[in-house]
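Please take a moment with the sequence and the model below before reading on. The paragraphs after them are meant to be followed with the structure open beside the text.

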Amino acid sequence: MSIRGGFTVTFVVSLAAITIATMHVASLSGQERQTSVEKLLNDSDCRSCHAIDRKVVGPSYSEIASRYATDANADQKLVRSIRAGASGNWGNFRMTPHPALKDEQLAEIVAWILSLKDAAPAAPQEAKAKQYTYTVNDGKKVVLDFPLFLEGSDKKVTKDVFRGYELYNSYCYRCHGQDASQSELAPDLRHFVEAGTANQEFLSVVMAGREDKGMPSWAGFFSEEEVQKIYRYVKGRSLELIPAGRPPSEYD
Ligand code: HEC
Ligand code: HEC
């Protein structure tokens, strides 16, 4: 895909840099080794879909470590899953394949993941998120766990929503239609979020993609936060609270 061409090039270049870095790995201390794995995970697309202590699109690394703690072949299995991609072991979403990672890199990543088996259990949930109530066209009230508008305004969208608008109209509009509206090429995303689809599922579809059906995977290209901003924009559009075109914001 042409849009992602530039990304692929930088990705390959950075992988080459990491390969050189990992040649020194045998002589690294524990702390240095951790930093080297972190760099590998950050430079690959893992962080779009995984975190240490909470589920994102895929399971948390510490949950993976505890599931495989007593499995003698865990390292081989996990190396295979990451390289070839996987689905069905943890849920319905698919992990994309990673053919570019080298054997040593995969071994290093998997050893680190498995070492998390004694990690502290997931951090307690944050205090209940603040709620925001909006009145939609038919007079009904909807409650969201994020704001669409700046405080004291019912027109100027938040920075996050504005960024979502920009990202949507840079990367998604080609197939899903300008301003999240009708399109012949791909489903109208307003319907997807209208049907009550939660942020989590939106994130999973966007990161994993459905390559066989023409929906690209955006893992490694977008962070979790960026996809959340797109979701917020599309949600506002589906509720008809945000107009088509460039929405008013603090930049106006
Ligand atoms: C597009 C999102 C996505 C990306 C990118 C991704 N993963 Fe995953 N990962 C998943 C999902 C979803 C699962 C669960 C798959 C299943 O149910 O079999 C998973 C499962 C795993 C597992 C457990 C596999 C098993 O057989 O139980 C490991 C280990 C893992 N991922 C590591 C990684 C690493 C390391 C990277 C980066 C090189 C990465 N993942 C990138 C989504 C992703
Ligand atoms: C190259 C065309 C293309 C681009 C670009 C694209 N998509 Fe898609 N997308 C599709 C197609 C085609 C489908 C329908 C796949 C199917 O039939 O399951 C889809 C499906 C989806 C779905 C599931 C919708 C549903 O009703 O099941 C979501 C969510 C989604 N895309 C979000 C996005 C976002 C967000 C972006 C921008 C970051 C984006 N897409 C960019 C082609 C695209």
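What follows goes from the nonpolar cores to the ligand, and then to a hairpin and a loop residue. Throughout, please keep in mind that this is a predicted model.

A natural place to begin is the interior. In soluble globular proteins, nonpolar side chains tend to be buried together. Here the largest nonpolar core has 27 residues, and the members that touch the most others are Val 161, Tyr 168, Met 207, Ile 230, Tyr 233 and Val 234. At least two residues of this core come from each of four helices, namely α6 (159-176), α7 (189-194), α8 (199-208) and α9 (224-238). Seen at the level of domains, the core takes at least three residues from domain 1 (3-118) and at least three from domain 2 (132-238). Another core, of 11 residues, lies apart from this one, and its members include Leu 40, Ala 65, Ile 109 and Val 110.

To see the packing around a single member of the largest core, one may look at Ile 230, which, when neighbours within four places in sequence are left aside, is in contact with Gly 164, Leu 167, Tyr 168 and Cys 172.

The next stop is the ligand. Where does ligand 1 lie with respect to domain 1 and domain 2? Because both domain 1 (3-118) and domain 2 (132-238) give residues to its shell, ligand 1 lies between them. There are 31 residues around ligand 1, of which Cys 46, Cys 49, Gly 58, Asn 89 and Met 95 come nearest. The helices α4 (74-84), α5 (103-114) and α8 each contribute at least two residues to this shell, and α4 gives the most, with four residues. Sorted by class, the shell is made up of 16 nonpolar, 12 polar and three charged residues.

Domain 2 (132-238) also contains the stretch in which strand β1 (residues 132-135) and strand β2 (residues 141-144) run antiparallel, joined by four bridges. Within this pairing, Thr 133 stands opposite Val 143 of β2. The hairpin formed by β1 and β2 has five residues between the strands, and in it Gly 139 adopts a positive phi near 90°.

Finally, the loop between α4 and α5 holds Asn 92. Is this residue, Asn 92, buried or exposed? Asn 92 has 9 other C-beta atoms within 10 Å and is therefore exposed, given that a residue counts as exposed if the number is 12 or fewer. Although Asn 92 and Ser 204 are 112 residues apart along the chain, their C-alpha atoms are separated by 9.8 Å.

Conventions. Residues are numbered from 1 along each chain as its sequence is written. Chains are lettered from A and ligands numbered from 1 in the order in which they are written. This is a predicted model: local features need pLDDT of at least 70, side-chain atom pairs count only at pLDDT 80 or more; totals for chains, interfaces and linings use all residues. A nonpolar core is a set of buried Ala, Val, Leu, Ile, Met, Phe, Trp, Tyr and Cys residues joined through C-beta atoms within 7 Å. A residue is buried if 20 or more other C-beta atoms lie within 10 Å of its own, exposed if 12 or fewer, and partly exposed in between; C-beta atoms are placed from the backbone. Domain bounds come from an automatic or database domain assignment. Two residues are in contact if their C-beta atoms, placed from the backbone, lie within 7 Å. A residue is near a molecule or strand if its C-beta atom, placed from the backbone, lies within 6 Å of it. Ala, Val, Leu, Ile, Met, Phe, Trp, Tyr, Cys and Pro count as nonpolar, Asp, Glu, Lys and Arg as charged, and the others, Gly among them, as polar. Two strands pair if DSSP finds at least two bridges between them.
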